[in-house]
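Please find below a short note on the structure, prepared for a reader who is new to this kind of description. The points may be read alongside the sequence and the 3D view.

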Amino acid sequence: MGPELAKFYEEYRPNKMALDLAGKFHKKVRQERFEGVKAFMACKLNEGESICPHVQKMQRYTEQLHNLNVSFDDELAIDMVLNSL
């Protein structure tokens, strides 16, 4: 936590601080998840594009979504990549 944010919350009780922080940052995380899923689902191999960089891009999307706690199994990820080809 940065010094400015720490100073802002120094009078807060821990549970009130946690609730306030969750309220402020939950929308941002939710938006990031939405944008990541949207980009992953919309990704298509362009004509003339090499498959290897495309699959690497799809892998980055799956890693990003995993880091944002979006859960899907390997079979769904494979199906999504195959659908994008």
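The points that follow take up aromatic pairs, cysteines and a surface patch in turn.

1. Status of the model. The structure is a predicted model, and the remarks below should be read accordingly.

2. The first aromatic pair. The structure contains 2 aromatic pairs. In one of them, phenylalanine 40 and tyrosine 61 meet edge-to-face, with 6.3 Å from centre to centre and 70° between the planes. This pair links distant parts of the chain, since phenylalanine 40 belongs to helix H2 (residues 14–42) and tyrosine 61 to helix H3 (residues 51–67), 21 residues apart.

3. The second aromatic pair. Phenylalanine 40 also pairs with phenylalanine 72: the ring centres are 5.9 Å apart and the planes are at 25°, so this pair is stacked; planes under 30 degrees apart count as stacked. Here too, distant parts of the chain are linked, because phenylalanine 40 is in helix H2, whereas phenylalanine 72 is in the loop between H3 and helix H4 (74–84), 32 residues apart.

4. The aromatic cluster. Phe40, Tyr61 and Phe72 form one aromatic cluster. Which of its members are buried, and which are partly exposed? Phenylalanine 40 has a relative accessibility of 5% and therefore counts as buried. Tyrosine 61, with a relative accessible area of 21%, is partly exposed, and phenylalanine 72 is also partly exposed, at 26%. The cut-off that matters here is 20%, under which a residue counts as buried.

5. The cysteines. A disulfide is a covalent bond between the sulfur atoms of two cysteines. How many disulfides does the structure hold? The count comes to 0. The reason can be seen at cysteine 43: the closest cysteine sulfur, that of cysteine 52, is 14 Å away, which is too far for a bond. A disulfide would require the two sulfur atoms to lie within 2.5 Å. As for their surroundings, cysteine 43 is buried, at 7% relative accessibility, whereas cysteine 52 is partly exposed, at 48%.

6. The nonpolar surface patch. Ile51, Val55, Ile78, Leu82 and Leu85 make a nonpolar surface patch of about 450 Å². Helices H3 and H4 are the elements that give two or more residues to this patch. One of the patch residues, valine 55, lies in helix H3 and is partly exposed, with a relative accessible area of 34%.

Key: Residues are numbered from 1 along each chain as its sequence is written. This is a predicted model: local features need pLDDT of at least 70, side-chain atom pairs count only at pLDDT 80 or more; totals for chains, interfaces and linings use all residues. Side-chain values use heavy atoms; hydrogens and water are left out. Rings of Phe, Tyr and Trp (its six-membered ring) pair if their centres lie within 6.5 Å; planes under 30 degrees apart count as stacked, over 60 as edge-to-face and the rest as tilted. Helices (H or I, at least four residues) and strands (E, at least two) are DSSP runs, numbered from the N terminus. Buried means under 20% relative accessible area, exposed over 50%, partly exposed in between (1.4 Å probe, protein chains only). Patches are made of residues with over 30% relative accessible area and no salt bridge: like charges are joined within 9 Å, nonpolar side chains (Val, Leu, Ile, Met, Phe, Trp, Tyr) within 5 Å. Accessible areas come from the Shrake-Rupley method with a 1.4 Å probe; for residues, only the protein chains shown count as cover. A salt bridge is a side-chain nitrogen of Lys or Arg within 4 Å of a carboxyl oxygen of Asp or Glu.
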